[in-house]
Amino acid sequence: MKEQEGDAIDPPLCISDSNRLFSLESLKAVWHGHKLDFLKAAHLGHGAPNTEVVQLEDQRRSRILDYAKDKRPLILNFGSCT
């Protein structure tokens, strides 16, 4: 068994720990992920949620779809500038 170094937050990772794959803790983690996916506001094939956004300049609140114009698609970019 080969171990990798861990830090104070994460314990060391055992690369050959295949016996934990079908453990109760593993199944709980999978179930929790499915539950979080089910409770999301956005779902594939449904309309997008019209969530509230805050403008940084003046802290004014509006909705995402307030920025849509006529029949043009609204494109949101959730990217990084690094």
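**Exercise 1. In which segment does tyrosine 67 lie, and what surroundings does this residue have?**

Solution. The model is predicted, and the first step is to place the residue along the chain: tyrosine 67 lies in the segment after E4. The second step is to consider its accessibility, and because buried means under 20% relative accessible area and exposed over 50%, tyrosine 67, with a relative accessible area of 40%, is partly exposed. The third step is to look at its partners: the side chain of tyrosine 67 is joined to that of serine 62 by a polar contact of 3.0 Å, and tyrosine 67 also helps to make a nonpolar surface patch of about 530 Å², together with Leu65, Leu74, Leu76 and Phe78.

**Exercise 2. Determine whether serine 62 is buried or exposed, and list its contacts.**

Solution. Serine 62 has its place in strand E4. Its relative accessibility is 11%, so serine 62 counts as buried. When neighbours within four places in sequence are left aside, serine 62 is in contact with Thr51, Glu52, Val53 and Tyr67; for the last of these, the polar contact between the two side chains spans 3.0 Å.

**Exercise 3. Describe the loop residues glutamine 59 and arginine 60, with attention to backbone and accessibility.**

Solution. Glutamine 59 is placed in the loop between E3 and E4, and arginine 60 likewise has its place in the loop between strand E3 (52-54) and E4. For the backbone, glutamine 59 has a positive phi, near 60 degrees, in a residue other than glycine. Most residues other than glycine have a negative phi. As to accessibility, glutamine 59 is exposed, because its relative accessible area is 53%, whereas arginine 60, at 46%, is partly exposed. Not counting residues up to four places away in sequence, arginine 60 touches Val53, Val54 and Gln55.

**Exercise 4. What is the sign of phi in aspartate 70, and where does this residue lie?**

Solution. Aspartate 70 lies in the segment after E4. Its phi is positive, at about 45 degrees, although the residue is not a glycine. With a relative accessible area of 83%, aspartate 70 is therefore exposed.

**Exercise 5. Which strand has the lowest confidence and which the highest?**

Solution. Begin with the protein as a whole, which averages a pLDDT of 77, with 73% of the residues scoring at least 70. Confidence is lowest in strand E1 (residues 3-4), at a mean of 51, and highest in strand E4 (residues 61-63), at 93. Where pLDDT is low, the predicted coordinates should not be read in detail.

Methods
Residues numbered from 1 in each chain as written. Predicted model: local features only at pLDDT ≥ 70, side-chain atom pairs only at ≥ 80, totals over all residues. Heavy atoms only, no water. pLDDT = per-residue confidence, 0-100. Helix = DSSP H or I, 4+ residues; strand = E, 2+ residues; numbered from the N terminus. Buried < 20%, exposed > 50% of the residue type's maximum accessible area, 1.4 Å probe, protein only. Polar contact = N/O pair within 3.5 Å; in protein donor to acceptor, adjacent residues only side chain to side chain. Contact = heavy atoms within 4.5 Å. Patch = residues over 30% accessible without salt bridge, like charges linked within 9 Å, V, L, I, M, F, W, Y side chains within 5 Å. Areas by Shrake-Rupley, 256 points an atom, 1.4 Å probe, with all protein chains shown as cover. Salt bridge = Lys/Arg side-chain N within 4 Å of Asp/Glu carboxyl O.
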